Amino acid sequence: MWRFPFVYIIILAFTACEDTILTPVDDDIKQGGATTVTGDFTTIFEQPAANLSGELIEAHRKSDLAFGDIFVTSPAIINYGLGPIFNQNSCESCHLSNGRSPFPTDQQQLKGLLLRISIPGTNQVGGPVPVPGFGTQLQTKSVFGIQREGELTWQEIRAIEEYIDGEEIELRHFKFTIENPYTEFPVNILISPRIAPPVIGLGLLEAIRESDILSNADPNDSDEDGISGKVNIVWNIETQSNAIGRFGWKASQPTLFQQTAAAYQNDMGVTNPLLTSEHCEGQVQCDSITDDPEIDMATLMSAVFYPQSLAVPSRRNYESSSVRNGKELFYQIGCTDCHKPSYTTGEHPEHSFLSHQIIFPYTDLLLHDMGEGLADNRPDFLANGNEWRTPPLWGIGLTYTVGGHQNFLHDGRARSLEEAIMWHGGEGQQSKEEFRKLSEEERGELIAFLESL
């Protein structure tokens, strides 16, 4: 009388094991570990981490104010120091609702689009060489009485790609140019358009152990799988030493402290305790006001704490059969070779709420050759002109909810997740080709999985 139930249990156990192998377990629902919050609304990226103490909640509230500060020209009572040349006047002007910036529809209102510039070679610490008279970032705005460095314009180019089943998809990209420069450009200038990415989960990425990042690197493709991710070794201004890059489209910043300080200086023309000189130092547009640094350390650290203390949204619709099928396909066609699903964070040097969290950012934080189609042909430390850091995918399915658009990739060219996949080349070429082979239904399921993140 006990044989049949026993056999039934064995069959169930065997089936469960098979399902675990074939379909990745949904242990990634809380993408940000204990920092995760649940929701699907326009301000979901603006929520404080769920595990903040009462004291840290108050610190987060103050940091939110710092992140939203709108700077004005000197002299002023508060938030002075804007410019004299700049791109935007606040952090939120680029990172709308803390999400990714849309590609601008007006060439006079660039939102979160900017242009990195340099000339061939490397500087004394291995980074890009500034363009004489311009620096490393084109300043497209200026205060009254000062001439901006230049105007960024572009031409849209479209092409058709075809799936194996005959369906077609239109892709677009842009040819960028600089017009009306305040002085002549060198003929060998290198340019790289960049769109502002989301700022959620950055503190958790900062807490990932260096050893875990290095363990995924395979710069010589020793295992011959076609994936040769490498770390970017960049310059840490604070410690005056080399460090692993984690932040930015080419992983060119080692810490959020330095990333934030550089944004103040380069994006807003606001000097700070780490970067005390104006971006335009030595140029004719610079002012002679002796108010540097224009923000103090408390303000800078508060602005750093804001992205560190933001919540990561939980996955949604993970019980849907199409989402589950899409997740299986995501694994099967090799997307996780670069978009590494999970980590357990180490000890964050400042904030224990970021430490020892099981997180699912879907990135390896490494540089990968993404092919000629996505190349900017501008090196940035060890990143060559074809290489980009694998961007985290958490929250990507909420892009439209938060920002009202679906513009992806480093320059915002892709108008959907499907287009973004079809732009993959180089080390991503094989996964792209596998995606091309999928049926229309299967492609939709894979996209449904991405939209659940």
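**Exercise 1.** Is Glu-440 buried or exposed?

*Solution.* Start with the ground rules. This is a predicted model, where local features need pLDDT of at least 70, side-chain atom pairs count only at pLDDT 80 or more, and totals for chains, interfaces and linings use all residues. Residues are numbered from 1 along each chain as its sequence is written, and side-chain values use heavy atoms, with hydrogens and water left out.

Step 1: take the cut-offs. Buried means under 20% relative accessible area, exposed over 50%, and partly exposed in between (1.4 Å probe, protein chains only).

Step 2: apply them. Glu-440 has a relative accessible area of 53%, so Glu-440 is exposed.

Step 3: place the residue. Glu-440 is in helix H11, residues 440–452. Helices (H or I, at least four residues) and strands (E, at least two) are DSSP runs, numbered from the N terminus.

Step 4: look around. Glu-440 forms a negative surface patch with Glu-162, Glu-167 and Glu-168. Patch members have over 30% relative accessible area and no salt bridge, and like charges are joined within 9 Å.

**Exercise 2.** Describe the surroundings of Ile-396.

*Solution.* Step 1: locate Ile-396 in the loop between strand E13 (387–389) and helix H8 (399–403).

Step 2: check exposure. The relative accessible area is 10%, so Ile-396 is buried.

Step 3: list contacts (heavy atoms within 4.5 Å). Beyond neighbours within four places in sequence, Ile-396 touches Arg-100, Phe-408, Leu-417, Leu-450 and Leu-453.

Step 4: note a distant stretch of chain. Gly-99 is 297 residues from Ile-396 along the chain, yet their C-alpha atoms are separated by 9.1 Å.

**Exercise 3.** Trace what three salt bridges join.

*Solution.* Step 1: define the term. A salt bridge is a side-chain nitrogen of Lys or Arg within 4 Å of a carboxyl oxygen of Asp or Glu. The whole structure has 23 salt bridges.

Step 2: take Asp-26 and Lys-327, bridged at 3.1 Å, N to O. Asp-26 lies in the loop between helix H1 (3–22) and helix H2 (54–68), and Lys-327 in helix H7 (residues 321–332), so the pair ties together parts 301 residues apart in sequence. Both residues are buried.

Step 3: take Arg-61 and Glu-58, bridged at 2.7 Å, N to O. They are three residues apart in helix H2, so about one helical turn separates them.

Step 4: take Arg-443 and Asp-165, bridged at 3.1 Å, N to O. Arg-443 is in helix H11 and Asp-165 in the loop between strand E5 (151–162) and strand E6 (168–179), 278 residues apart. Arg-443 is buried at 5%, whereas Asp-165 is partly exposed at 41%.

Notes: Patches are made of residues with over 30% relative accessible area and no salt bridge: like charges are joined within 9 Å, nonpolar side chains (Val, Leu, Ile, Met, Phe, Trp, Tyr) within 5 Å. Accessible areas come from the Shrake-Rupley method with a 1.4 Å probe; for residues, only the protein chains shown count as cover. Lys and Arg count as positive and Asp and Glu as negative; His and the chain ends are not counted. The place of a charge is taken as NZ of Lys, CZ of Arg, CG of Asp or CD of Glu.
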